[in-house]
Amino acid sequence: KLEAGMAAKEEHRAHTILIVEDDQGLAELIADALRLNGNICEISLNGGQALAWLGANHADLVLLDYSLPDMKGDAFVVAMQASAGAAPFVVITGHGDERIAVQMMKAGARDYLTKDISLLERLPVAVQRALDDIATTRLLEKTEGLLEESERLLSDIITFLPDATVVIDIEGRVIAWNRAMEEMTGVQAAQILGRGNYEYALPFYGERRPILVDLVLRPRDTLGKTYQTITWSGDILIAETTVPVLKGRPVHLWGMARALRDAQGNRVGAIEAIRDITARKQAEDEVLRLNAFYMNILNGIVNGVWVSDRDYVITYVNRGMAAIMDVPEQDLLGMNILEHLQPETRQAFMPLLAEAQTTLKPVAFESVPLLTNTRRQTFQSGWLIPLVKDGRFNGMICTTDDITARKQAEDERELLQTQ
């Protein structure tokens, strides 16, 4: 679109042509021929006059007679190119001066014409061809400038990405190694840019080997066991692994890689972002350790404990609760506690649940009847402790103590006292 728009704009624009010719009659004939195509023509009768005009004006093209009264064409070109008014040019030579024409082409002339009887016939075509070539050159220069600017922008973006990032081409050579990667590995970009043969793996593994940025370019069934965990998410390859020594210490790394493609969809390289998640991994391991520790404690007590979400679906239950209910632990998980309460239990329990959920404060319960799965009548005492998130009810913890034996003993004592 850019090329088409610029080309159309160039095609319809009136071009200014400076005719440098000491024969005024011929110069006027040339100007008349070129004006027929909508060009604006200016005439200078010698080199000095032309240089002065170019110093104050812009010309899209200069038609230069090689033999001028005050200087030769080559001297004019040198003087013109040294000034701010330099312009592309076409040389007109005398008949038989082809050697000079070749010399001027080497000096930058777009074309050359000889002064013969067909000059005025050939001139408009040659001038238009030169203007088209100039337009194409300018278009290419602008396009290259835009590409360079785009590359600089992309380079800056990659350079300042917070994650350590490496980009390789299809041959496995490093074409980007950002600041975060320099900090992670201690290897400067200047040391590794342009290098291949898996050199980018050395800071991580101490050996040349494929890493995620290489594996993403390979068939999916050839990944092998190169990482502790590795999986595809669409066209993105994600992995985690522990590196024994990186800058003198073991680290746990998370990475994601993706193939890079050109406009036709061909693979041209790959990019990988790497993140040091050692602290997060240590925190996760500590959470797992503490969970296991507290689960062991909860499973070691005789009291029952269940935890539910905001809809009262049980998400955790300990062995004590399973024993009280006469139901295996796995059968209680996922059960909605409200749907499995017996009428007598529901009557006593529902107001207590509503109070805890509404006030967001713990509520005690005492001697609540509970009929177990084996139709055994029990009595329970304990606490309902609401889980709160962002000031709202988010679930419930229930701790319960089976007081059936105590209740029976109290009932028997009351009966004896009454008797």
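# Aromatic rings in a predicted model

At a relative accessibility of 1%, Tyr 200 counts as buried, and the exercises below, which concern a predicted model, start from this residue.

**Exercise 1.** Find how the rings of Tyr 198 and Tyr 200 are arranged towards each other.

*Solution.* A pair of aromatic rings is described by the distance of the centres and the angle of the planes. For Tyr 198 and Tyr 200, the ring centres are 6.4 Å apart and the planes stand at 85°. Planes over 60 degrees apart count as edge-to-face, so the pair of Tyr 198 and Tyr 200 is edge-to-face. While Tyr 200 is buried, Tyr 198 is partly exposed, with a relative accessible area of 26%.

**Exercise 2.** Work out the arrangement of the rings of Phe 293 and Tyr 294, and then say which surface patch these residues help to make.

*Solution.* The centres of the two rings, those of Phe 293 and Tyr 294, lie 5.3 Å apart with their planes at 70°, and therefore this pair is edge-to-face. Phe 293 has a relative accessible area of 44% and is partly exposed; Tyr 294, at 45%, is partly exposed as well. Together with Ile 297 and Ile 301, Phe 293 and Tyr 294 make a nonpolar surface patch of about 360 Å². Tyr 294 belongs to helix H11, which covers residues 278-300.

**Exercise 3.** Identify the rings over which the charged ends of Arg 209 and Arg 220 sit.

*Solution.* The charged end of Arg 209 is placed over the ring of Tyr 227, at 5.8 Å from its centre. For Arg 220, the ring is that of Trp 232, and the charged end sits 3.9 Å from the ring centre.

Key: Residues numbered from 1 in each chain as written. Predicted model: local features only at pLDDT ≥ 70, side-chain atom pairs only at ≥ 80, totals over all residues. Heavy atoms only, no water. Patch = residues over 30% accessible without salt bridge, like charges linked within 9 Å, V, L, I, M, F, W, Y side chains within 5 Å. Areas by Shrake-Rupley, 256 points an atom, 1.4 Å probe, with all protein chains shown as cover. Salt bridge = Lys/Arg side-chain N within 4 Å of Asp/Glu carboxyl O. Helix = DSSP H or I, 4+ residues; strand = E, 2+ residues; numbered from the N terminus. Phe/Tyr/Trp six-rings, centres within 6.5 Å; stacked < 30°, edge-to-face > 60°. Buried < 20%, exposed > 50% of the residue type's maximum accessible area, 1.4 Å probe, protein only. Lys NZ or Arg CZ within 6 Å of the ring centre and 35° of its normal.
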